[in-house]
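Please open the structure in your viewer and keep the selection panel at hand. The tour below proceeds stop by stop, stating at each what to select and what is found there.

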Amino acid sequence: MPFQFDNSYVRLPQQFFSKQLPVPVASPAIVKLNQALAREIGVNADALSADILAGNVIPEGANPIATAYAGHQFGGWNPQLGDGRAVLLGEVIGRDDVRRDIQLKGSGQTMFSRNGDGRATLSAVLREYLVSEAMAALGVPTTRALAAVTTGEQILRDGYEAGAVLTRVAQSHIRVGTFQFHYARKDTDALQLLADHVVERHYPAAAKADSPVRAMLEGVIVKQAELVAQWMLLGFIHGVMNTDNSAISGETIDYGPCAFIDDFHPETVFSSIDRQGRYAWNNQPEMAHWNMAQLAQALGPILGEDAEVEAQKALERFAPAFTKAFYSGFSAKIGLVGDTETHRALATELMGVLTVGEVDFTLFFRHLTAGVRTGDLADVKDLFTNVAPLDEWLVNWGSNADVFLMEQVNPVFIPRNHRVEEALAAARTGDLEPFEKLHKVLSNPYREQTEHVEYENAPQPEEIVQATFCGT
Ligand code: AMP
Ligand code: MG
């Protein structure tokens, strides 16, 4: 038996989901199986077959459903989204006692599919596999990838492409949009049931608070604030921070148009559909806060008599939580311990220096780290055409940096956009070697791997990825 399922979400009332079997596919084949993750989460990988991972065979104990949710997409309200191309097979409990969803994504049409085909392309599946696993290795809370299988079917996007199914693992797939779904329907009983479920599952300490719902809301707010800080410290731009892509667990979810900054500029946007720069690198805290305000509003009917005051107080937790996480993280990147006024000023000044210098974000911190280790900052200075602003910053920074700290937080390897695109382009022609190699390099991002130095490099001008497309 691959999974020892213990399904809790399916015990909620019927307005939370629809029972939904995956739609079988022509000829499934395993592309990638995450043995290490399987062990960690209590899944018997040996018992997993392509047929199970593609949805052709329903494993014992599964109770497949498509979950209901709503959401604000780029600020616009959509009262019904839901799993249009995914089914939740069930939940497993890991060796760490953590409950996790096992979801098949790309598993065919559901009652929430609207005009979509319910499928996912091999490119989109491998992209999510690569980047979500890289984020996990980088230490960022995220959904995980247990497996990728091809379906043996072609699906139509811009042209035809191989179809695939991703087995996604998440602490849950409950989103801000899940609460919004029931709020919009004025279903207060459902809101309360969902809040109880979330408290028990993700915020058990909140159960003991005077107001468990308020405590849960604060918990979500703080986790989102810290998550966005972690993203930004790695130069990560999520790209589609809609409320349906904002997980209540605090995990990163949805790897559609995400990208990592090469040359630093705070207003960087990659997603081709984000024309206003709503989800630009430096706009992410404000957008996460906006999402949390939507969550607070959705919880209004169960926040008690002074709901508005309670919501306001909870939302006030966001800014300090973000600022503290961001600046203490930034301090660590420059080898300084703790969040002080001086460190904040150094961080702000450095972001200005990097912006003006148009310097590669990841390389800068790695070269600075190496420079502290060797006492020679030549490689850092070489990144700049005009080194004067950097020199000034270096003087203010001083020489108290802790190189061990810097090595722990400044990755050598990130999923650089041009490398991800290269791996996906090869996969589309049937060559999985670049995917395998990139995946391997990214599984150990903070250690130098002398045999893979080429993966450290910034893109050559002709390799730069200007925009990401929601190639779903
Ligand atoms: P996303 O952009 O992946 O966050 O998806 C937004 C909504 O569109 C969700 O409700 C998805 O289930 C749905 N969706 C995306 N792609 C498809 C597809 N190919 N078929 C059906 N529904 C889809
Ligand atoms: Mg989504």
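**The magnesium site**

Begin by selecting the magnesium ion, ligand 2, whose protein donors are Asn-245, through OD1, and Asp-254, through OD, at 2.2 to 2.6 Å from the ion. Bear in mind throughout that the model is predicted. Next, colour the two donor residues by accessibility. Asn-245 has a relative accessible area of 10% and therefore counts as buried, the cut-off being under 20%. Asp-254, with a relative accessible area of 19%, falls under that cut-off as well and so is also buried.

**Ligand 1 and its shell**

Keep Asn-245 selected and add ligand 1. A polar side-chain atom of Asn-245 lies 3.2 Å from an oxygen atom of ligand 1, while Asn-245 is also a donor of the magnesium ion. Now select Arg-114: one of its polar side-chain atoms is placed 3.0 Å from an oxygen atom of the ligand. Then turn to Arg-85, where a polar side-chain atom lies 3.2 Å from a nitrogen atom of ligand 1. How much of the accessible area of ligand 1 does the protein cover? Of the 480 Å² that the ligand has on its own, the protein covers 81%.

Expand the selection to the full shell, which comprises 17 residues. The closest of these are Gly-82, Gly-84, Asp-117, Gly-118 and Asp-254; Asp-254 is the residue already met as a donor of the magnesium ion. Colouring the shell by class gives 8 charged, 7 polar and 2 nonpolar residues.

**Helix H7**

Move to residues 284-299, which form helix H7. The 16 residues of H7 reach 22 Å from the first C-alpha to the last, close to the 22 Å expected at 1.5 Å a residue. Display the side chains: among the buried residues of H7 are Met-287, Ala-288, Asn-291, Met-292, Leu-295 and Leu-299. In an α-helix there are 3.6 residues a turn, so residues three or four places apart point the same way.

**Two loops with positive phi**

Select Phe-74, in the loop between strand S4 (71-73) and strand S5 (76-78). Phi of Phe-74 is near 50°, a positive value in a residue other than glycine. Phe-74 is partly exposed, at a relative accessible area of 29%.

Finish at Glu-358, in the loop that joins helix H10 (341-357) to helix H11 (361-374). Although Glu-358 is not a glycine, its phi is positive, at about 50°. Is Glu-358 buried or exposed? Its relative accessibility is 56%, and Glu-358 therefore counts as exposed, the cut-off being over 50%.

Key. Residues numbered from 1 in each chain as written. Chains lettered and ligands numbered in written order. Predicted model: local features only at pLDDT ≥ 70, side-chain atom pairs only at ≥ 80, totals over all residues. Heavy atoms only, no water. Helix = DSSP H or I, 4+ residues; strand = E, 2+ residues; numbered from the N terminus. Expected span 1.5 Å × (residues − 1). Buried < 20%, exposed > 50% of the residue type's maximum accessible area, 1.4 Å probe, protein only. Near = heavy atom within 4 Å. Polar contact = N/O pair within 3.5 Å; in protein donor to acceptor, adjacent residues only side chain to side chain. Areas by Shrake-Rupley, 256 points an atom, 1.4 Å probe, with all protein chains shown as cover. Nonpolar A, V, L, I, M, F, W, Y, C, P; charged D, E, K, R; others polar. Donors = N, O, S within 2.8 Å, 3.2 Å for Na, K, Ca; no water.
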